[in-house]
Structure formats: C-alpha cells, structure tokens
Amino acid sequence: MKLKYAFFIFLLLTVIAFGMMRYHQFQFESETGLKFNVMEFELPGSLEKLNELIATWGEPEQKAFVLKQLQLDYLFMSTLFPSIFILCLWARKNSQVLELRHHTPDKFQFPKNLLLVLAAFQVLALLFDISENIRLTHWIQQGSVGNMALFETMVKLKFFFAIVGLLGGLVMILITQSKVGKIQKIGW
C-alpha cells in the first residue's frame, strides 16, 4: 500500500476516534453539567493538584466517565501516532524520489535523516502515552496518585514529538509532493 493512502486511512481513523471521545464527553457534560478537561489530568502541575482533581472526579459516575475516556484514548493514540509516523516516511520517500529523478544523491540527506528520527519519535510518543494512561487509570481507580516521577515530562515530550513530527512531515510533504506528482505524471 502506498504511504499516501495509508496516511489518509490512519488520519480518517484518528478523526473518527477523536469524534468518539468528544461525543462521549459531550454526552457526559450535557447529562451532568460538569466540564471535563483532559489536560488537567495530563499536566496537573503538582502531585497535590492531581490528587485534588482525582478526588473531585471520585464519584462513581464521574470516575467511570474518566476511565472510559482513557479507554477511548487508546484507540485515538493507536491511530494518531501511526498517522504521523507514516506522514514522516511518506515525506522521506518523496525526498528520495526527487533525488533519484534529478540524479542528486544525498541532496535531501539531512531532511531524510530528520524525518526518520521524527518517525521514530512517534514510537516513543505512543509508548509515553500508553504509560501515561496506565498510570492515570491506576491512580483514578485507587483514588490517589502514586509516584509521579517523570509523568509530566513524558506528557510534554509526547506532545513535543507529535507536534514536531507533524510539522516536519507536513513541511516536507508540501515541499516535495507537487514535484513528485509532476514526476509521476510524466512516467518517472
């Protein structure tokens, strides 16, 4: 399967997963009048604030909602990070096609290496997100926070890796895709 098609399939799955999470949130908020902000759980700022937040969301119905959101997040993360991974590889492949077409090996060596690193970062981002969800689930179920070592650092790195990978991949796609498209039309 071409990387371009794989990217768009995973992107569609990401949008569907995001929609499912937002629909679940909308239903809960309209039924209870409560407002949910996942960022308060992901980046609470301190152990005390997260413990306070977990206590605030400790009613059985509220706790069940938050745990369901974390479950839906597994679906979301299993599509988002692969989307960015594929985008980076697609952009890298386009760079290679341009090098071959113009007989300029290594013209895009730095961007190709960077895109490979950015793709690899998506694997780390996925692992960090899984770790985050496991820890949050455990803390919410037990009603208090355990060891928060590196928790917020991993969350921040997850966002950084995703944003940099997305931007890097998109920039290189914009630079290379129109040129690669022209090459493919003339039979290269």
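K112 counts as buried in this predicted model, because its relative accessibility is 7% and the cut-off for buried is under 20%. This lysine is part of helix 5. Let's look at what surrounds K112, and then at how the helices pack.

**K112 and its surroundings**
- Which residues does K112 touch, once its neighbours within four places in sequence are left aside? The contacts are R92, S95, Q96 and E99.
- Helix 4 covers residues 60-101, and helix 5, the home of K112, covers residues 109-142.

**Helix 4 with helix 5**
- The axes of helix 4 and helix 5 are 9 Å apart, and the two helices pack at an angle of about 175°.
- Angles over 145 degrees count as roughly antiparallel, so helix 4 and helix 5 are roughly antiparallel to each other.
- What kinds of residues make up the contact of helix 4 with helix 5? There are 22 nonpolar residues, along with eight polar and six charged ones.

**Helix 1 with helix 4**
- Helix 4 also has helix 1, residues 3-32, as a partner: their axes come within 8 Å.
- The crossing angle of helix 1 and helix 4 is roughly 160°, and the pair is therefore roughly antiparallel.
- Is the crossing of helix 1 and helix 4 left-handed or right-handed? Helix 1 passes helix 4 in a left-handed crossing.
- Sorted by class, the residues in the contact of helix 1 with helix 4 are 22 nonpolar, nine polar and six charged.

Methods:
Residues are numbered from 1 along each chain as its sequence is written. This is a predicted model: local features need pLDDT of at least 70, side-chain atom pairs count only at pLDDT 80 or more; totals for chains, interfaces and linings use all residues. Side-chain values use heavy atoms; hydrogens and water are left out. Axes are lines fitted to C-alpha atoms, for helices over the stretch in contact, and angles run from 0 to 180 degrees between N-to-C directions. Helices (H or I, at least four residues) and strands (E, at least two) are DSSP runs, numbered from the N terminus. Angles under 35 degrees count as roughly parallel, over 145 as roughly antiparallel, 65 to 115 as roughly perpendicular and the rest as oblique. A crossing is left-handed if the near helix is turned anticlockwise from the far one by less than a right angle, and right-handed if clockwise. Ala, Val, Leu, Ile, Met, Phe, Trp, Tyr, Cys and Pro count as nonpolar, Asp, Glu, Lys and Arg as charged, and the others, Gly among them, as polar. Buried means under 20% relative accessible area, exposed over 50%, partly exposed in between (1.4 Å probe, protein chains only). Contact means heavy atoms within 4.5 Å.
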